[in-house]
Amino acid sequence: MAYGRILEFKREFRHDASPLNSADYSIKGRKFLEYFNTPKIIATEGYHLQAAYDAVGNNVFEDGCGIVLKDQSKYPYVTAVLNSPIARLFPSVCKSEMMYSSYVAPTVLRRFPIVFPDNRLTEDLINTVSSYLVFLNRQKYSTDYGVPEWLRELTGFYEQISNLLVLDTYFINDLDTGLLDALEENIHPYAGDMNSENSDSLLSALYYIKKQILASSSGKYKFNMELPGMLSFSKSRDEF
């Protein structure tokens, strides 16, 4: 099947007519294409875990592993967890327990504990923020002139919100109700087409949501955006 697709590609685009080498299209192992066209999470192997949700299933994973879930509604949440600071610390935990080296591999990843929130609101917020991040990261990598600083900051803001909610699920479980209310009030699934080429309206909407969240939390609580990959909040001085 792969050989036929490559020949079709060459005919259509009139590429080099030299004979194909078997190494150009060889597939090792049946599992390589077993989950083609199946939604999955692609988790790259290495010393720093990174996960991306492939909703269509177009990708295969030669230098990584694929995570296929029975419940497709859980994909955004699990992706957020695997991209959180908790997952970044996991290889070190494995190493300290002499379970494996600090290198993330499927054997190690299989042991990673996925904890789900006690309330539906937190999971819904993380799922929605994950959809924002899919769109924002697509915008970051679609430019030919480098990523604008404002787009980096906007993406970082939503990454930090996701991290905060994941950390609260795993460790704190005591997120201030006022902060949670501010997130619930402003973070909603986008009603339009997030795959549309006309992205200006959605970018404007996400920028507006960010301003509203910061405004809602500027009184009793304020966000600390200085920690890389982490979002924290602290009481204002007049509250102590």
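By about how many helical turns are E123 and R120 separated in helix α5? In this predicted model, the two residues stand three positions apart in that helix, so about one helical turn separates them.

To see where this pair belongs, it helps to begin with the whole chain, whose secondary structure comes to eight helices and five strands, arranged along the sequence in the pattern α-β-β-β-α-α-α-α-α-α-α-β-β. Of the 240 residues in the protein chain, 36% are buried, and among contacts with a separation of 6 or more, 59% are between residues 24 or more positions apart.

Side chains of opposite charge can pair when their charged atoms come close. Three salt bridges are counted here, and K74, R120, E123 and D124 are linked by such bridges in a network. E123 pairs with R120, their closest N and O atoms being 3.6 Å apart, and E123 also pairs with K74, where the corresponding distance is 2.9 Å. Because E123 lies in helix α5 (residues 120–140) while K74 sits in the loop between β3 and α2, this second pair ties together parts that are 49 residues apart in sequence. R120 forms a further salt bridge with D124, at 2.9 Å between the closest N and O atoms, and these two residues, four positions apart in helix α5, are again separated by about one helical turn.

The members of the network differ in exposure: E123 is buried, with a relative accessible area of 5%, whereas R120 is partly exposed at 46% and D124 is partly exposed at 32%.

Elsewhere, S162 in helix α6 counts as buried because its relative accessibility is 3%, and the residues that S162 touches include A80, I126, V129 and L133.

How values were computed:
Residues numbered from 1 in each chain as written. Predicted model: local features only at pLDDT ≥ 70, side-chain atom pairs only at ≥ 80, totals over all residues. Heavy atoms only, no water. Buried < 20%, exposed > 50% of the residue type's maximum accessible area, 1.4 Å probe, protein only. Contact = heavy atoms within 4.5 Å. Salt bridge = Lys/Arg side-chain N within 4 Å of Asp/Glu carboxyl O.
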